[in-house]
Amino acid sequence: MNKRITPPVRLGSYPPADVTFLLKDLSRVSLERATEERERAIQSGVHYSEMLPVEYQPTAQYIELFHETLQQSAGKVALAVAVVSEIIVARRGKGAVLVSLARAGTPIGVLIRRYIAEIYGWEFPHYSISIIRGKGIDENAILYILQQHGQDADLQFIDGWTGKGAIRKVLIEACDRLHRKYGIRLNDDLAVLADPGHCSGTFGTREDYLIPSACLNSTVSGLMSRTVLRDDLIGPDEFHGAKFYKEWLDTDQSNVFIDSISPYFAGAAAEARRSAMDMLDSPPEITWQGLRDIQNIQQTFGIEDINLVKPGVGETTRVLLRRVPWKILVDTMDNPNLRHILLLAEDRGVPVEVFPGMTYSCCGIIKPLKGESE
């Protein structure tokens, strides 16, 4: 493996010690397309990673809800961070390299790194890299990490939450491919804060609740866009790309999010250690139940493309922020985790239906555009 990867440029609004983004800066490139136009392009076969949504600029009411949710759930999020961190520490020891999947994984990776530094005094390296459904992981980013930390570096992949488990599958396939192509053996375990899809063995909770970082887009993810992969923009030896929205530094909530949760770590550590030990002694079953629920929804509503069904609070939020929603399914209307979902749905005029019996609190269904007149 002789390929030498050029070091990254400094990106994002987090302190440099918190995370290194292994991404090519595409800030000067015009990639955003209006929601309807982008939806039509995706459903007609253009890959979602070839363009960006126009970032939703939240209303004052919505930002207020973000802060309120953050205040109410900070202790709960801190406990989930602590549990998943304790599992990582018990399994990996001192030598792990944290690798979060951009962008939903990045704030969670920063929190895990902060927890381990505070409780154990270990300063784990933390990188944020791109992984794209249908295209795989950024191999140059992986090669760069191994270049920095040795061929035997113990990489711990991190994401925010699970939905159908699509990214979990992409990660498994990517690790197989890296082994076949370069002889690199990586552990494909994916640590997540919440695993309502029941497809990960390393998680803080399986409850489908609102992780406040799912409320916002770049302004809670270091001001970074979604990742982009297009042959005319990314060379064979370059990292996948992303935009750094420096112009929104004044409204950035990324460090507010981290700093609101970190003070709860010390108080959560003892309970987290007990929960982690229980999970290590009796590993939770990976059943992919969430995927079965989605297949049931697909059948019930006659939806051909499973990618139009987005389960869980985090994914439903994304549907409302940057896709063209058809309807929102909720387990019950009085679920306290769904206040922001109901607010966004009302704001956008999207119908909400009760659909009991899901492992998820809610599910967003994207409007199928095929068959509509152009």
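Glu-37 counts as partly exposed because its relative accessibility is 42%, where partly exposed covers the range between buried, under 20% relative accessible area, and exposed, over 50%, as found with a 1.4 Å probe on protein chains only. The model is a predicted one, in which local features need pLDDT of at least 70 and side-chain atom pairs count only at pLDDT 80 or more, whereas totals for chains, interfaces and linings use all residues. Residues are numbered from 1 along each chain as its sequence is written, and side-chain values use heavy atoms, with hydrogens and water left out.

The side chain of Glu-37 meets that of Arg-33 in a salt bridge, at 3.1 Å from N to O, a salt bridge being a side-chain nitrogen of Lys or Arg within 4 Å of a carboxyl oxygen of Asp or Glu. Arg-33, at 28% relative accessibility, is likewise counted as partly exposed. By this rule the count comes to 20 salt bridges. Another of them pairs Lys-24 with Glu-238, whose closest N and O atoms are 3.0 Å apart. This pair links distant parts of the chain, since Lys-24 belongs to strand S2 (residues 24-25) and Glu-238 to the loop between strand S10 (202-205) and strand S11 (241-242), 214 residues apart; helices (H or I, at least four residues) and strands (E, at least two) are DSSP runs, numbered from the N terminus. Lys-24 is partly exposed at 25% relative accessibility, and Glu-238 is partly exposed at 32%.

A further salt bridge joins the side chains of Arg-318 and Glu-315, at 3.2 Å from N to O. Both residues lie in helix H9, three residues apart, which is about one turn of the helix, and Glu-315 is buried, with a relative accessible area of 16%. Elsewhere, salt bridges that share partners join Asp-18, Arg-114 and Asp-259 into one network.

Arg-318 and Glu-315 also lead to the largest cavity, for they are among the residues nearest its centre, together with Tyr-48, Ile-167 and Arg-226, in a lining of 30 residues. A cavity is a set of points, on a 1 Å grid over the protein atoms alone, where a 1.4 Å probe fits but cannot get out, and lining residues have an atom within 4 Å of a point. The whole structure holds three cavities of 30 Å³ or more, and about 620 Å³ of space lies in the largest, a volume being the space filled by probe spheres set on grid points that are joined across faces, edges and corners. Helix H9 gives the most to this lining, with four residues, while the elements that each supply at least two include strand S8 (154-161) and helix H5 (166-182).

The largest nonpolar core has 109 residues, and those touching the most other members are Ile-112, Ile-129, Ile-137, Ile-142, Leu-155, Phe-157 and Ile-261; such a core is a set of buried Ala, Val, Leu, Ile, Met, Phe, Trp, Tyr and Cys residues joined through side-chain atoms within 4.5 Å. Helix H2 (residues 60-92) gives the most to this core, with 14 residues. Apart from it lies another core, of 14 residues, among them Ile-303, Phe-355, Tyr-360 and Ile-366.

Tyr-360 is also one of the residues in contact with Asp-293, as are Gly-357, Met-358 and Thr-359, leaving aside neighbours within four places in sequence, where contact means heavy atoms within 4.5 Å. Asp-293 is found in helix H8 (residues 289-301) and is buried yet has no salt bridge, the nearest side chain of opposite charge, Arg-292, being 6.5 Å away; here Lys and Arg count as positive and Asp and Glu as negative, while His and the chain ends are not counted.

Notes:
On a 1 Å grid over the protein atoms alone, a cavity is a set of points where a 1.4 Å probe fits but cannot get out, and a pocket is an open set with protein on both sides within 12 Å along at least five of seven lines; lining residues have an atom within 4 Å of a point.
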